[in-house]
Amino acid sequence: MSALASLLFATGGFAALSLTMTRHVRQVGTGAAMMPPPRWRAAGWIALALSLVIAVATPDWHFALVQWLGLLALAAGLVVLLLWSRPALLPKATAAAWVAAAVLSLALFL
Amino acid sequence: MSTRQGSFRQRIAPLHTWSGLIVGWLMLAIAVTGTMTVFRPETSAWMRPEVAQTSPPEQALRAAVAYLRERAPDAPGWYLQMPDDRTPTLQAVFADESAPQGYRDIALDPVTGRPDSMRETLGGEFLYRFHFELQLPYPWGRILASAAGMLMLITLVSGIIIHRRIFADFFTFRSAKGQRSWLDAHNVLGVLALPFHIMIAATGILTLVTLTFPWAGYAAYGKDEAALVADLYPGIVERERAGTPAPLADMPALLKRAQDLFDGAPVSRVSIENPGDAAATVTMARSDAASLGYGAEDATFDGVTGKLLKHYRQVEPARTTFSVLYGLHIGRFAPDVTRWLYFLCGLALSGLIATGLILWVEARRKRPHFGLAFVERVNVGMVTGLPLGLVALFWANRLLPPHMPDRVVAEPRFFFWAWGAALLIALIRPPRRAWPELSALVALGAAALPFLSWAVTGRGLWDALLAGDWLFLGADLLAFAFAAMFARITIALRRKGAPPREVRAKREAMA
């Protein structure tokens, strides 16, 4: 479950970072204007950091670190697929990923 | 500054291009079989569908030793891989002069301890061995695989250097733009899983390092190989055969004592040296399924009296570093999620190599020559031939008579025949026809596999779903997923292979 939360945070993080790049803003259209680029950037890095924290918050942190690198690759791959197939959905998907990741993490750690 | 950097990049580019081309075909085969090896125990279990029961390790060991006593009483040693939650069967290796390679490597039923209830197959071992031995005699396959790994690392590093826009193009994939799309795909597959690619290439070279760089060993030990072996495997006790027969100690009791020494952790390997002799020894190895490193604790007992001769626990930092790096490569520690990520990253690496090979051709299309046509055709044969070989291997596993003679070598032959046939077709047919034809064949073969397996074994997708049989469920769904992927590729290629729309319209107007 913590792997899923970590994956969702990483996906949300990468998606937010892609919205700081002109090419992808153009692909995504109006939704990208939800936040100015510096804020997307900050949100993206925070989500990536949370993804790491959630991934390695276990006694087996050295396994988890290996797994986290794999999760990052998968998350970035998902963002590439979304930008290629349904770019307009990206901002909403980002928000949904964050909410789901936050709910999951709260359920796991509280 | 920037011009110098530019020229450095320009000088590195041919290195990437040519090291990639030289090693590409070989590396693709290594990457595809390596990716399959992530699921080696599962592949073995799927290829032995008759085994439905498991039994506790003590009973499995007792049954296996009873069988080996009657089958190979004079063998110098019996080497057993114990069953675990991923593998229901035991694996036994022992010397046998009547075997083609001089030894037998067979699976034993965990309940009866005998091999005859199952179809004879190498299971996942074949793909695992091919991954680093390439079906060549020792040590040439390993040396070739190792050299390929080194060139691969050079290709990866030079690829990073010449990639101008790693961050700007991080998420970029533009489809239907010819060469541009192939480059995007190549970049995305390479950059996103870059930590994995570098790790797997570097640690892969390291697994064979005692073979490729033996000089440190020579320098320290000279010709004294026994001393080298003793230091490399400190948990083992070497004893000369006494020549007087003596019965083996009670194996389940030794297993229990070893587990107690290992803080309750299970035993993964049992080596019985000089079985049936007064100088017999039994070495039990702690399972490394729960640790990042590879093989870290052994206990050796006297095989007759059961006295503990040696208990070795690895603490040396250099040795631990090596075993962790080795362990990272084979990923046996990996929990399910990590294992699937290894599999996905392995697929990404295979895709990286395949798109790189295709790019080499696409970038040179404007000046056609013989070499280009040759590379393009071999590319078709390799990229579609390897998956076709896997499909043929699994078909052969289900269709060959369970106890035909030399079945263990017959199964892998189908892998090579299918791969070879794909290469031959690719060399004869024009690439724009061969691409969709061969990938359609892969799609059909993979899509039919679950049905074939159901017809032969009676374990179908629906039964697997009801019984919660994750192994057969996973295998069937993976087969369908690959079928869908190759079907998608076929459709895309047929569209591309067809003449452009204007030409078609003109032709229709003429008719």
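## A greasy patch on chain B

Helix H15 of chain B gives the most to a nonpolar patch, putting in 3 residues. Keep in mind that this is a predicted model. The patch is made by B:Phe370, B:Phe374, B:Leu424, B:Leu427 and B:Ile428, and it covers about 560 Å² of surface. Two helices of chain B, H14 (370-399) and H15 (407-428), each supply at least two of the patch residues.

Take B:Leu424 as an example: this leucine sits in helix H15 of chain B. Is B:Leu424 buried or exposed? B:Leu424 counts as exposed because its relative accessible area is 53%, and the cut-off for that label is over 50%.

## Chain A: helices and nothing else

Chain A is simple to describe, with 5 helices and 0 strands. Walk along its sequence and you get the pattern α-α-α-α-α. Its radius of gyration is 14 Å, close to the 13 Å that the globule rule gives for 110 residues, so chain A is as compact as a globular protein of that length. If you'd rather think in box dimensions, the C-alpha trace spans about 45 × 25 × 20 Å along its principal axes.

How many of the 110 residues of chain A, in percent, count as buried? The figure is 45%. As for contacts in chain A between residues at least 6 apart in sequence, 76% of them join residues at least 24 apart. The accessible surface of this chain adds up to about 5500 Å², and carbon and sulfur atoms own 76% of that.

## Where the two chains meet

On the chain B side, 26 residues are in contact with 22 residues of chain A. The two chains bury about 1800 Å² between them, with 76% of that area on carbon and sulfur atoms. Which residues of chain B lose the most area to chain A? They are B:Phe171, B:Leu192 and B:Leu341, and together they account for 36% of what the chain B side buries.

There's a charged contact here too: the rule finds 1 salt bridge across the interface of chain B and chain A. The partners are A:Arg23 and B:Asp169, whose side chains come together at 3.0 Å, N to O.

## Two prolines in chain B

B:Pro14 has its place in helix H1 (residues 2-37) of chain B. This proline counts as partly exposed because its relative accessibility is 40%. Where does B:Pro14 lie relative to B:Ser158? The two are 144 residues apart along the chain, yet their C-alpha atoms are separated by 9.3 Å.

The other proline, B:Pro139, is in the loop between helix H4 (125-133) and helix H5 (140-162) of chain B. Look at the peptide bond leading into B:Pro139 from B:Tyr138: it is cis, with omega near -5°.

## Positive phi in two loops

Two loop residues in chain B are worth a look for their backbone angles. B:Asn274 has phi near 50°, a positive value in a residue other than glycine. B:Asn274 lies in the loop between strand E4 (267-273) and strand E5 (281-286) of chain B. With a relative accessible area of 9%, B:Asn274 is buried, since the buried label applies under 20%.

B:Asp406 has a positive phi as well, near 55°, and is likewise a residue other than glycine. The loop that holds B:Asp406 runs between H14 and H15 of chain B, and those helices also supply residues to the nonpolar patch. B:Asp406 counts as exposed, at 51% relative accessibility.

Notes. Residues are numbered from 1 along each chain as its sequence is written. Chains are lettered from A and ligands numbered from 1 in the order in which they are written. This is a predicted model: local features need pLDDT of at least 70, side-chain atom pairs count only at pLDDT 80 or more; totals for chains, interfaces and linings use all residues. Side-chain values use heavy atoms; hydrogens and water are left out. Patches are made of residues with over 30% relative accessible area and no salt bridge: like charges are joined within 9 Å, nonpolar side chains (Val, Leu, Ile, Met, Phe, Trp, Tyr) within 5 Å. Accessible areas come from the Shrake-Rupley method with a 1.4 Å probe; for residues, only the protein chains shown count as cover. A salt bridge is a side-chain nitrogen of Lys or Arg within 4 Å of a carboxyl oxygen of Asp or Glu. Helices (H or I, at least four residues) and strands (E, at least two) are DSSP runs, numbered from the N terminus. Buried means under 20% relative accessible area, exposed over 50%, partly exposed in between (1.4 Å probe, protein chains only). The radius of gyration is taken over C-alpha atoms; the globule rule is 2.2 Å times the number of residues to the power 0.38. Contact means heavy atoms within 4.5 Å. Buried area is the accessible area (1.4 Å probe) that two parts lose on being put together, summed over both.
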